[in-house]
Amino acid sequence: DHCGACGNVCSFTCDSRACERPLGVTLGTGHACVIVGAPSASAGDEGSIYCFGFNTEGQLGIGSFGGTYTRPTPVSRPRGVVFHHVRTARRHTCAIDQHDEVWCWGANDSGQLGSEGGNEPAPVPVQGPGGVGVLDQVLTLDAGGFYACAIRPDGEGDGDPTDGTVWCWGRNDGNLGDGTRTDRVAPVQVLREGGSDPLRDIVAISTGRRHACAIDTARELWCWGANADGQLGRGASPGDPRLAYPVRDPSGAARLGSVERVRAGESTTCAITTGGQLYCWGLNDECQLLDAPSPGEPCSGASSALPRALPIADAVDVALGSNHVCVHRSTDATLWCWGGGEFGTERLGRGSGSFDRTIPAPVASGFDTHAPVAMAVRTNSGCAIRADDVVLCWGDNLNGQLGTGDRIDRVEPAQIARPLF
């Protein structure tokens, strides 16, 4: 219990007489993963991945199927491979290694692992476009539902290695963006409106359950995929949902600009623009869009096909669950959540008291002395990393996805357990 010195107890793991630190956290439907690196590491650096929760399809990557793991458990990584980025989805997980190649594990019923065959309990390489080689030169990726998407340099010779084109694979409800609804094992390129040119100059990607969104170098936003609730933000002229189109501004007359962050959720999308203004659109069944006339009154429940400016102008980051929203705010450096419906007490992390779920309010506790530096929300659970390298989780814990060493739901943030070796 002591790392390098008496009384030096690590919040996560000890390596070479120094405490390792969590670099990122990501949640799937019933499982979660944390990537951990050296004491001097920061987000994006290489590290080890620990996963916890449900493992029926091998989504924890521990080399075996089945079981529920309530403590962080190391992923069985291939010899010589080190990961620096990880994302979880409904029942599969994907990561990028030190050579910028992609590996996935877990369920493969729709080709979401990017490989032929069935479910895999340990990382397997994603094949390259056309099934040739492996998917390499990957800048970043995200995984959602039964698919995943990655950004690769566009090869246009613009001299900028930090932006590129988008490649997706897995189940296709239009969310692969190739103009079809055909499932793909090999990655296919996302096409922009018109269907002949690829979407280019992309710097960030977010994958929801059945739709995806990306930010380009001009800080404009593009979305594609399912649009039953207006989650693509295209207004009255949605175009082909199987292709990427620009998101409109609240008036519908121009494109939404100055976008810094985007999160695609189940059927709702949110974006943060320069300065911290939060916009959301799509499904509004549990007041995700904050349109209650006044506190205590019900929201309209009406979806919106255009972005709405929410009464939050100091957002740093945003994350979406099944039907709730959480925001990291700069004013008080803490997390605020709202929505959630019948499971709102657990999802919002506000504690066990009675409260109005239709208005934003701070997560109950855990961030009083140390601000959050990263967060993730999915379905009915949430997690965040504090500035002192402590990982806290809250919400539904039926499958041990909070990593607290048990399967007890948490109505406020609780520290995850130390890893299982």
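**Exercise 1. State where aspartate 389 lies, whether it is buried or exposed, and what marks its backbone.**

Solution. Aspartate 389 sits in the loop between strand E28 (381-386) and E29. The model used here is predicted. Next, take the accessibility: the relative accessible area of aspartate 389 is 18%. The cut-off for buried is under 20%, so aspartate 389 counts as buried. Last, take the backbone: phi of aspartate 389 is near 70 degrees, a positive value in a residue other than glycine. Most residues other than glycine have a negative phi.

**Exercise 2. Treat cysteine 287 in the same steps: place, accessibility, phi.**

Solution. The loop that holds cysteine 287 runs between strand E21 (278-282) and strand E22 (304-309). With 2% relative accessibility, cysteine 287 is classed as buried. Cysteine 287 is not a glycine, yet its phi is positive, about 70 degrees.

**Exercise 3. Give the strand order of the open sheet that contains E29, and find its edges.**

Solution. Begin with the order: the 4 strands follow E27-E28-E29-E30, and their pairing is antiparallel. Then look for strands with a single partner: these are strand E27 (372-378) and strand E30 (410-415), so each has one side without a neighbour in the sheet. The twist from one strand to the next averages 15 degrees. For detail at one edge, strand E29 (residues 391-395) pairs with E30 over 3 bridges in the antiparallel sense. Leucine 392 has glutamine 415 in E30 as its bridge partner.

**Exercise 4. Do likewise for the open sheet that contains E21.**

Solution. The order is E19-E20-E21-E22, 4 strands with antiparallel pairing. Strand E19 (259-264) and E22 each have a single partner strand and so form the edges, with one side of each left without a neighbour in the sheet. On average, neighbouring strands of this sheet are turned by 15 degrees against each other, direction ignored. At the E19 edge, 5 bridges connect E19 with strand E20 (residues 268-273), and the two run antiparallel. Arginine 263 has cysteine 270 in E20 as its bridge partner.

**Exercise 5. Describe how E7 is joined to E8, and why E7 is called largely enclosed.**

Solution. First, the connection: a hairpin of 3 residues leads from E7 to E8. Second, the pairing: E7 and strand E8 (residues 92-97) run antiparallel and share 5 bridges. Arginine 87 stands opposite cysteine 94 in E8. Third, the burial: strand E7 (residues 83-88) has 6 residues, of which 5 are buried, so the rest of the structure largely encloses E7.

Note on methods. Residues are numbered from 1 along each chain as its sequence is written. This is a predicted model: local features need pLDDT of at least 70, side-chain atom pairs count only at pLDDT 80 or more; totals for chains, interfaces and linings use all residues. Side-chain values use heavy atoms; hydrogens and water are left out. Two strands pair if DSSP finds at least two bridges between them. Axes are lines fitted to C-alpha atoms, for helices over the stretch in contact, and angles run from 0 to 180 degrees between N-to-C directions. Buried means under 20% relative accessible area, exposed over 50%, partly exposed in between (1.4 Å probe, protein chains only).
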